[in-house]
Amino acid sequence: MNKNYTKLIHIKKKVILPLLILTLLAYFAFILGIAFFADFMSLTLQGTVISYGLLLGLLLIMFIFLITLFYIHMSNTYFEPLIKKMKS
């Protein structure tokens, strides 16, 4: 087996698994928050019509966006060079 291929698989596992766990935890925490803390989620911020649920939902979207950006950075920095080495 190619040494670069083994290294690629190892690095991908080290990156993808924590990101997967973070993503799943964030989504499940949000859904559980909606299910069990509906009263809190429906409260509005002072002086606005924005609820805490909406705010947390937007924060969840931004968090997932940051996870995606981190994965793109890792892919461009580490995965793609190894793939190019394997092709040549």
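1. A quick word on terms before we start: helices here are DSSP runs of H or I with at least four residues, numbered from the N terminus. With that in hand, the chain reads α-α-α along its sequence. It comes to 3 helices and 0 strands. Please keep in mind that this is a predicted model.

2. Let me begin with overall shape. For 88 residues, a compact globule would have a radius of gyration near 12 Å, whereas this chain has 19 Å. The C-alpha trace spans about 60 × 25 × 10 Å along its principal axes. One pair of residues gives a feel for that: Lys-87 and Ser-42 are 45 residues apart in sequence, and their C-alpha atoms are 54 Å apart in space.

3. Next, the surface. The chain exposes about 6900 Å², and 74% of that comes from carbon and sulfur atoms. Of the 88 residues, 22% are buried. As for contacts between residues with a separation of 6 or more, 61% of them join residues 24 or more positions apart.

4. Helix 1 is worth a look on its own. Does its length agree or disagree with what its residue count predicts? Its 34 residues should span 50 Å at 1.5 Å a residue, and the end C-alpha atoms are 49 Å apart, so the two agree. At the N-terminal end, Asn-2 acts as a cap, with a side-chain oxygen 3.1 Å from the backbone nitrogen of Asn-4.

5. Which residues of helix 1 are buried? They are Leu-8, Ile-11, Val-15, Leu-19, Thr-23, Ala-26, Phe-30 and Gly-33. If you colour these on the model, a general point about helices may help in reading the pattern. An α-helix has 3.6 residues a turn, so residues three or four places apart point the same way. The cover over the buried residues of helix 1 includes helix 2 (38-42) and helix 3.

6. Now the nonpolar core. The largest one has 13 residues, and those with the most contacts inside it are Ile-11, Val-15, Leu-60 and Phe-79. Helix 1 (3-36) and helix 3 (52-87) are the elements that give two or more residues to this core.

7. Phe-79 is a good place to zoom in. Setting aside residues up to four places away in sequence, Phe-79 touches Leu-8, Ile-11, Lys-12, Val-15, Tyr-71 and Met-74. Lys-7 also makes a useful marker here: its C-alpha atom is separated from that of Phe-79 by 9.4 Å, although the two are 72 residues apart along the chain. Lys-7 has its place in helix 1. With a relative accessible area of 47%, Lys-7 is partly exposed, because that value falls between the 20% and 50% cut-offs.

8. Further along helix 1 we come to Leu-19. Its relative accessibility is 12%, which is under 20%, so Leu-19 counts as buried. Beyond its neighbours up to four places away in sequence, Leu-19 touches Ile-67, Phe-70 and Tyr-71. The last of these, Tyr-71, is 52 residues from Leu-19 in sequence, with 8.1 Å between their C-alpha atoms.

9. Thr-23 lies in helix 1 too. Is this residue buried or exposed? Thr-23 is buried, since its relative accessible area is 18% and the limit is 20%. With neighbours within four places in sequence left aside, Thr-23 is in contact with Ile-64 and Ile-67.

10. Phe-30 is also found in helix 1. Not counting residues up to four places away in sequence, Phe-30 touches Met-41, Gly-53, Leu-56, Gly-57 and Leu-60. Met-62 makes another reference point: Phe-30 and Met-62 are 32 residues apart in sequence and 13 Å apart in space, C-alpha to C-alpha.

11. To finish, here are two residues of helix 3. Ser-75 has its place in this helix and, at 14% relative accessibility, counts as buried. Apart from neighbours within four places in sequence, Ser-75 is in contact with Glu-80 and Pro-81. Lys-87 is in helix 3 as well, but this residue is exposed, with a relative accessible area of 73%.

Methods
Residues numbered from 1 in each chain as written. Predicted model: local features only at pLDDT ≥ 70, side-chain atom pairs only at ≥ 80, totals over all residues. Heavy atoms only, no water. Core = buried A, V, L, I, M, F, W, Y, C linked by side-chain atoms within 4.5 Å. Buried < 20%, exposed > 50% of the residue type's maximum accessible area, 1.4 Å probe, protein only. Contact = heavy atoms within 4.5 Å. Rg over C-alpha atoms; globule rule 2.2 N^0.38 Å. Areas by Shrake-Rupley, 256 points an atom, 1.4 Å probe, with all protein chains shown as cover. Expected span 1.5 Å × (residues − 1). Polar contact = N/O pair within 3.5 Å; in protein donor to acceptor, adjacent residues only side chain to side chain.
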